[in-house]
Amino acid sequence: MAPHPGLSGGRLNRVYRWTRNLHLYVGLFMSPFLLIYAVSVILLNHPARPAAGQLPTRASETTVRITDQENSLDLAKDIRGQLGLTGEIGYVNRNRERQRLSFPIDLPGRKTVVRVDLATGGARIERTETGIGDAMNYLHKMPGPHNVAIRGNSLFMSAWRWLADATVYLVLFLSASGVYLWLVLKAERKAGLLVLGAGMATLVGLLMAIVP
């Protein structure tokens with residue numbers, strides 16, 4: 001490959017090639033995740049979907065084995081396994097006086113509510129398909145700061161936590177490598193300065209508007 005006109009020296013040219021290739025392929029890898037966050041922001045700001053209570057729900061009843069577990073989350077996990085369900089247990093509501101246990105199991109695009117009579121083992125399962133829009137909103141907000149003590153109790157959400165962090169770190173890399181690639185392209189420096197200046201001016205304007 002011929003040396004780039006904005007570079008001098010073989011070592012610098014190799015740095016440029018590595019940075020350019022990483023910028024390209026990391027960007028391609030991250031594009032599906034960035035698409036989820038971008039589309040879900042629009043959906044969160046402009047909700048146009050029915051509320052959860054208006055979506056069709058399928059209900060079924062069965063019987064589960066109640067193990068003697070003091071920890072409510074462990075008991076909910078055991079019941080989840082008996083029912084053959086997968087997903088994130090958002091919270092556990094246990095009424096010891098009435099011997100009732102209820103908890104939601106969330107997956108992107110699906111919400112399941114389990115209600116169990118701990119005295120008899122009778123379980124009622126209500127399943128609602130919430131759609132792809134709600135699925136993207138769910139992924140956008142998870143993992144969030146709510147219910148930190150029980151967050152990540154499903155395999156899917158444990159993996160998504162790592163992917164969410166990776167998205168942030170790789171976007172930072174894309175930003176830094178983009179600035180580097182722009183700096184070595186002398187022909188683009190003037191236009192880049194105008195765009196960068198416009199972005200900074202917009203950011204400063206927003207900060208001045210919200211900071212007292």
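How far apart are the end C-alpha atoms of helix H4 (residues 155–184), and what should its 30 residues span? I am working from a predicted model, so I keep that in mind as I go.

**Entry 1: helix H4.** At 1.5 Å a residue, I get an expected span of 44 Å for H4. The end C-alpha atoms lie 43 Å apart, which agrees. I then looked up which H4 residues are buried, and found Trp160, Ala164, Thr167 and Leu174 among them.

**Entry 2: aromatic pairs.** I counted three aromatic pairs. In one of them, the ring centres of phenylalanine 33 and tryptophan 160 are 6.3 Å apart with planes at 40°, so I call this pair tilted. Phenylalanine 33 sits in helix H1 (residues 10–45) and tryptophan 160 in helix H4, so the pair ties together parts 127 residues apart in sequence. Phenylalanine 33 counts as buried because its relative accessibility is 15%, and tryptophan 160 is buried too, at 5%.

**Entry 3: another partner for tryptophan 160.** Tyrosine 37 and tryptophan 160 have ring centres 6.3 Å apart and planes at 35°, so this pair is tilted as well. Tyrosine 37 is in helix H1 and tryptophan 160 in helix H4, a link across 123 residues. I checked burial again: tyrosine 37 and tryptophan 160 are both buried. Together, Phe29, Phe33, Tyr37 and Trp160 form one aromatic cluster.

**Entry 4: out on the surface.** I found a nonpolar surface patch of about 590 Å², made by Leu196, Met200, Leu203, Leu207, Ile210 and Val211. I picked methionine 200 for a closer look; it lies in helix H5 (residues 189–210). Its relative accessibility is 47%, so I noted methionine 200 as partly exposed.

Methods
Residues numbered from 1 in each chain as written. Predicted model: local features only at pLDDT ≥ 70, side-chain atom pairs only at ≥ 80, totals over all residues. Heavy atoms only, no water. Patch = residues over 30% accessible without salt bridge, like charges linked within 9 Å, V, L, I, M, F, W, Y side chains within 5 Å. Areas by Shrake-Rupley, 256 points an atom, 1.4 Å probe, with all protein chains shown as cover. Salt bridge = Lys/Arg side-chain N within 4 Å of Asp/Glu carboxyl O. Helix = DSSP H or I, 4+ residues; strand = E, 2+ residues; numbered from the N terminus. Buried < 20%, exposed > 50% of the residue type's maximum accessible area, 1.4 Å probe, protein only. Expected span 1.5 Å × (residues − 1). Phe/Tyr/Trp six-rings, centres within 6.5 Å; stacked < 30°, edge-to-face > 60°.
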